[in-house]
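Colleague: Got a minute to go through this model with me? I'd like the overall span, then the ligand site.

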Amino acid sequence: MEKANNEFNLDRKMKVHNFNAGPSVLPNEVLYKASKALIDFDGTGMSILEIGHRTPYFMAVMDEARSLARELMQLDDDFEVMFLHGGASTQFMQVPMNLLDSGETAAIIDTGVWSSKAIKETKNFGFVDVIASSKDANYTYIPKNYTIPPQAKYLHLTSNNTIYGTQYHSFPQTDVPVVVDMSSDILSRQLDYNQFSLIYAGVQKNMGAAGATMVAVRKSMLGKVSRKIPTILDYNQHIENGSMLNTPPVFAIYISMLTLRWLKGQGGLAGIEKLNEKKAALLYDEIDHNPLFRGTVAKEDRSLMNVCFIMDKPELEEEFVKFCKKEDIVGIKGHRLSGGFRASLYNALPMESVEVMVEAMKYFSLKKV
Ligand SMILES: *Cc1c(COP(=O)(O)O)cnc(C)c1O
């Protein structure tokens, strides 16, 4: 699998181990093909940036991106898949604008910065019931005990908390429709994606390049609010126009399409899940056994995507980062809110990069302990 990722000869340093949290590592194969398409898209004599979005050339890209996303998640026919502008952050307000009437209540589980932003924006459109929060422990766990009010219009949750390194490993079973922000673990594992009513993700972490947001929504959820929705923010308008209501972010969608093709070639979600589990297990195992390092979140809620850890001797942190840089390991500094380290192990990160990281931790610790 790692080989397939590296067989494309890019004109850049090949050995950088990129643990960036987002934007983040992409498969070499995707970058290679995209670099060609930047000059000449599929032999058209034009760059992908130079063709009209309504030409058959780009329509084919859009169709393939949408249908691959649908296929990989095995979505049922009630779902529509869109590629929109504005990042996941726009969805914090676009979701309630389309789904929540004023006077209605959205239940939201607060698992950190991204959920808090969803809470803030949702309040502009209706009532918010924060039914659980892990703020009391600096968001180091996923809340488990809560009741979902049956009258809630929907329940919003953040499946993977990019900053703290927590992830839902099971989802609440409820009759209330579930809306999920999957920006940082979209398409990283096998799930019953049909248990959700709306799935959104900024694509720059696990399925493409910054500039596009994927939204998969059940049609049966739409058209039920009384407010007037501005055309460009109306899901129904986007669906009717095949995500072509205005000029879509063509290059970002093209990169997503290539990334989805690559993912399918990795054995789809079953294949990538196996690899992601192996990568995370290797790194967490080192964190748990190396005397210098310590994990920061509840073990049962550990994220397979963003691995957060600290040192018992914080004065060594900077030295470790420098040491890693010498080994071509980049992007491991923790988020400014949580400090320490965060290694992001998104789909496109090869196993080899995790092996190099673990070696570096072992070596550093032998010198220091
Ligand atoms: C990065 C991230 C966002 C914000 O995404 P943008 O595309 O930058 O708006 C939202 N939610 C989660 C879980 C994220 O990781």
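Modeller: The end C-alpha atoms of residues 17-355 lie 10 Å apart. That span is 33% helix and 18% strand, with helices (H or I, at least four residues) and strands (E, at least two) taken as DSSP runs numbered from the N terminus.

Colleague: What does UniProt place at residues 17-355?

Modeller: The unreviewed entry has "domain: Aminotransferase class V" there. Such annotations may be inferred rather than shown by experiment.

Colleague: And the ground rules?

Modeller: This is a predicted model, where local features need pLDDT of at least 70, side-chain atom pairs count only at pLDDT 80 or more, and totals for chains, interfaces and linings use all residues. Residues are numbered from 1 along each chain as its sequence is written, and side-chain values use heavy atoms, without hydrogens and water.

Colleague: On to the ligand. Which residues come nearest?

Modeller: Ser89, Thr162, Asp181, Gln204 and Lys205, out of 13 around the ligand. Being near takes a heavy atom within 4 Å.

Colleague: Which ligand atom pairs with aspartate 181?

Modeller: A nitrogen, 2.7 Å from a side-chain N or O atom of aspartate 181. A ligand oxygen is 2.6 Å from a side-chain N or O of serine 89. Lysine 205 has a side-chain N or O 2.7 Å from a ligand oxygen.

Colleague: Which helix gives the most to the shell?

Modeller: Helix α4, residues 87-99, with 4 residues.

Colleague: How many charged residues are in the shell?

Modeller: There are 2, alongside 8 polar and 3 nonpolar. Asp, Glu, Lys and Arg count as charged; Ala, Val, Leu, Ile, Met, Phe, Trp, Tyr, Cys and Pro as nonpolar; the others, Gly among them, as polar.

Terms used:
A polar contact is a pair of N or O atoms within 3.5 Å; within protein, one must be able to donate a hydrogen and the other to accept it, and residues adjacent in sequence count only if both atoms are side-chain atoms.
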